[in-house]
Amino acid sequence: INLMADVSHELRTPLTVLEGNLRAALDQVVPLDGAEIANLYNQTHHLTRLVNDLRELSLAESGHLPLEKIPADLKTLVTEAIQALEPLAAEKGVTLVDEVPSLPEITLDPFRFRQVLFNLLTNSLRHTPKGGIITISGHSGNGNVTFSVKDTGEGLDAEQLTAVFNRFYRGDRSRNRETGGSGLGLAIVKAIVMAHGGQVEATSAGKGQGCEFVACLPITLEKTDE
């Protein structure tokens, strides 16, 4: 029931915007020019992203997310993610620091793990002001690989730490759906990490003191029937 209520709430805004703007165009109240078409396109893009994210999350939480598991080099995946996001970080004036050492190969789905990295990094970029630093580090031990994404951004209080992985959670309510994402990124991170037999948690010393997301994954993923 809660999920359906959340989904209905999230879908209502872009659908209302689309309906209102199209009605205004049909009534010739607002001209359907290039700017208006771009606005309508952005709303459909948001709806597509939201639907795709909901499907990914539903499959992961129900244990039906397909995983193409192969031995992979985590450091290489991290380096690729950082290179892809460097332009966005430079635009925001944020520095990305790669402190991941050489690690044992880990059995995982590279595509899904890239989702985890991108979601964590874009989340930190969204909440780290100009001049901030985001550091990715990692280590191995006891049959696990642990990696973290730590930023010098807004930070979280104790109440937010318990809710940050919830569906549609946004720590800053002033952020809308365009500037704050779909609200599903961290929920998807948790679901994918758990689908790999791992755990993820968020830590923070408090507001204004940055945040760290730490994920622990088994080096060898047990075979499961899919």
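**Close-up 1. Helix 2 and helix 6 are roughly parallel to each other, because the angle between them falls under 35 degrees.** In this predicted model, helix 2 (residues 34–61) packs against helix 6 (residues 185–195) at an angle of about 30°, and their axes lie 9 Å apart. Asp-53, Leu-57, Ala-60 and Glu-61 of helix 2 make the contact with Ala-187, Ile-188 and Ala-191 of helix 6. The crossing of these two helices is left-handed.

**Close-up 2. The buried residues of helix 6 and their surroundings.** Leu-186, Ala-187, Ile-188, Val-189, Ala-191, Ile-192 and Val-193 are the residues of helix 6 that are buried. Their cover includes two helices, helix 2 and helix 4, together with strand 6 (199–203) and strand 7 (211–218). After helix 6 comes Gly-197, which has a positive phi near 80°.

**Close-up 3. Helix 3 (residues 74–92) packs against helix 4 (residues 110–127).** The two helices meet at an angle of about 30°, and a distance of 10 Å separates their axes. That angle makes helix 3 roughly parallel to helix 4. On the helix 3 side, the contact is made by Leu-74, Leu-77, Val-78, Glu-80, Ala-81, Ala-84, Leu-85, Leu-88, Ala-89 and Lys-92. On the helix 4 side, the residues in contact are Pro-110, Phe-113, Arg-114, Leu-117, Phe-118, Leu-121, Thr-122, Leu-125 and Arg-126. The crossing of helix 3 and helix 4 is right-handed.

**Close-up 4. An open sheet of 5 strands with mixed pairing.** The strands follow one another in the order 2-4-5-7-6. Strand 2 and strand 6 each have a single partner strand and stand at the edges, so one side of each is left without a neighbour in the sheet. From one strand to the next, the twist averages 15°. Helix 3 packs on this sheet, where it touches strand 2, strand 4 and strand 5, and its direction makes about 170° with that of strand 2.

**Close-up 5. Strand 4 (residues 133–141) pairs with strand 2 in the parallel sense and with strand 5 in the antiparallel sense.** Strand 2 (residues 95–99) is joined to strand 4 over 5 bridges; within this pairing, Thr-95 stands opposite Ile-133, and Asp-98 has Ile-136 as its bridge partner. Strand 5 (residues 144–151) is joined to strand 4 by 8 bridges, and here Thr-135 of strand 4 is partnered by Lys-150 of strand 5. The hairpin formed by strand 4 and strand 5 has 2 residues between the strands, and Asn-142 in this hairpin takes a positive phi near 55°.

**Close-up 6. Leu-74 in the largest nonpolar core, a set of 50 residues.** Nonpolar side chains tend to be buried together in soluble globular proteins. The residues with the most contacts inside this core are Leu-74, Phe-113, Leu-120, Phe-147 and Phe-213. Leaving aside residues up to four places away in sequence, Leu-74 touches Val-100, Leu-103, Ile-106, Phe-113, Val-145 and Phe-147. Leu-74 and Phe-113 also take part in the contact of helix 3 with helix 4.

Methods: Residues are numbered from 1 along each chain as its sequence is written. This is a predicted model: local features need pLDDT of at least 70, side-chain atom pairs count only at pLDDT 80 or more; totals for chains, interfaces and linings use all residues. Side-chain values use heavy atoms; hydrogens and water are left out. Two strands pair if DSSP finds at least two bridges between them. Helices (H or I, at least four residues) and strands (E, at least two) are DSSP runs, numbered from the N terminus. A nonpolar core is a set of buried Ala, Val, Leu, Ile, Met, Phe, Trp, Tyr and Cys residues joined through side-chain atoms within 4.5 Å. Buried means under 20% relative accessible area, exposed over 50%, partly exposed in between (1.4 Å probe, protein chains only). Contact means heavy atoms within 4.5 Å. Axes are lines fitted to C-alpha atoms, for helices over the stretch in contact, and angles run from 0 to 180 degrees between N-to-C directions. Angles under 35 degrees count as roughly parallel, over 145 as roughly antiparallel, 65 to 115 as roughly perpendicular and the rest as oblique. A crossing is left-handed if the near helix is turned anticlockwise from the far one by less than a right angle, and right-handed if clockwise.
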